[in-house]
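Visitor: I am new to this one. Show me the structure, and let me ask how you know what you say.

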Amino acid sequence: MYRTFLCGKIRDVRITGTNLEYEGSITIDEDYLDRVGMLPGEQVDVLNVENGTRLTTYIIKGERGSGIMELNGPAARQGTVGDRIMVLTYVMLAPGEIAAHKPVIISVGKEQKGD
């Protein structure tokens, strides 16, 4: 039996833009993706600390070093520029993999452009 665990988390990051006229997703700075091990197209949960919303979408790779964290399409209605969010991915693990598993968590905080 496989069980689902946290794989990676980007925390202490703020929404830098919204784009309603898009199919839907979240655009994330490629530097953040590399640091946490997330991939374009990967399913993520986005948790908005300011309003309590939680949504599931997929990643679009943003310009490296830009600090971009943009909600697109219907997701754009779930937050506003400046809202603090967290972005989470998960992994399915077999019982023998669980003990060795360690999620990767990064805190962006003051390094994000525009702060």
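Guide: What follows is a short round of questions and answers on this predicted model.

Visitor: What makes up the protein, and in which order do the elements run?

Guide: There are two helices and eight strands. Starting at the N terminus, the order is β-β-β-α-β-β-β-β-α-β.

Visitor: How do you know whether the protein is as compact as a globular protein of that length?

Guide: Set the radius of gyration against the globule rule. The radius is 14 Å, and the rule gives 13 Å for 115 residues. The two values are close, so the protein is as compact as a globular protein of that length. The C-alpha trace spans about 45 × 25 × 25 Å along its principal axes.

Visitor: How are the strands ordered in the sheet?

Guide: The order is S2-S6-S3-S5-S4-S7-S1-S8, in an open sheet with mixed pairing.

Visitor: Why are S2 and S8 said to stand at the edges?

Guide: Count partners. Strand S2 (17–19) and strand S8 (104–107) each have a single partner strand, so one side of each has no neighbour in the sheet. From one strand to the next, the twist averages 30°.

Visitor: What makes S3 and S6 a pair?

Guide: Pairing takes at least two bridges. Four bridges join S3 to S6, and these strands run antiparallel. Within S3 sits Ser 25, and opposite Ser 25 stands Asn 72 in S6.

Visitor: Why is Ser 25 called buried?

Guide: Buried means under 20% relative accessible area. Ser 25 has 0%, so Ser 25 is buried. Beyond its neighbours within four places in sequence, Ser 25 is in contact with residues including Thr 57, Tyr 58, Ile 60 and Leu 71. Across the protein, 38% of the 115 residues count as buried.

Visitor: Which residues have the most contacts inside the largest nonpolar core?

Guide: They are Ile 10, Ile 26, Ile 28, Met 69 and Val 87, in a core of 20 residues. Strands S1, S3, S4, S5, S6 and S7 and helix H1 each supply at least two residues of this core. H1 gives the largest share, three residues. In soluble globular proteins, nonpolar side chains tend to be buried together.

Visitor: How do you know what Ile 10 is in contact with?

Guide: Contact means heavy atoms within 4.5 Å. Leaving aside neighbours within four places in sequence, Ile 10 is in contact with Ile 28, Met 69 and Val 87, among others.

Visitor: What share of the contacts with a separation of 6 or more joins residues 24 or more positions apart?

Guide: Such residues account for 84% of those contacts.

How values were computed:
Residues numbered from 1 in each chain as written. Predicted model: local features only at pLDDT ≥ 70, side-chain atom pairs only at ≥ 80, totals over all residues. Heavy atoms only, no water. Core = buried A, V, L, I, M, F, W, Y, C linked by side-chain atoms within 4.5 Å. Buried < 20%, exposed > 50% of the residue type's maximum accessible area, 1.4 Å probe, protein only. Axes fitted to C-alpha atoms, helices over the stretch in contact; angles between N-to-C directions. Rg over C-alpha atoms; globule rule 2.2 N^0.38 Å.
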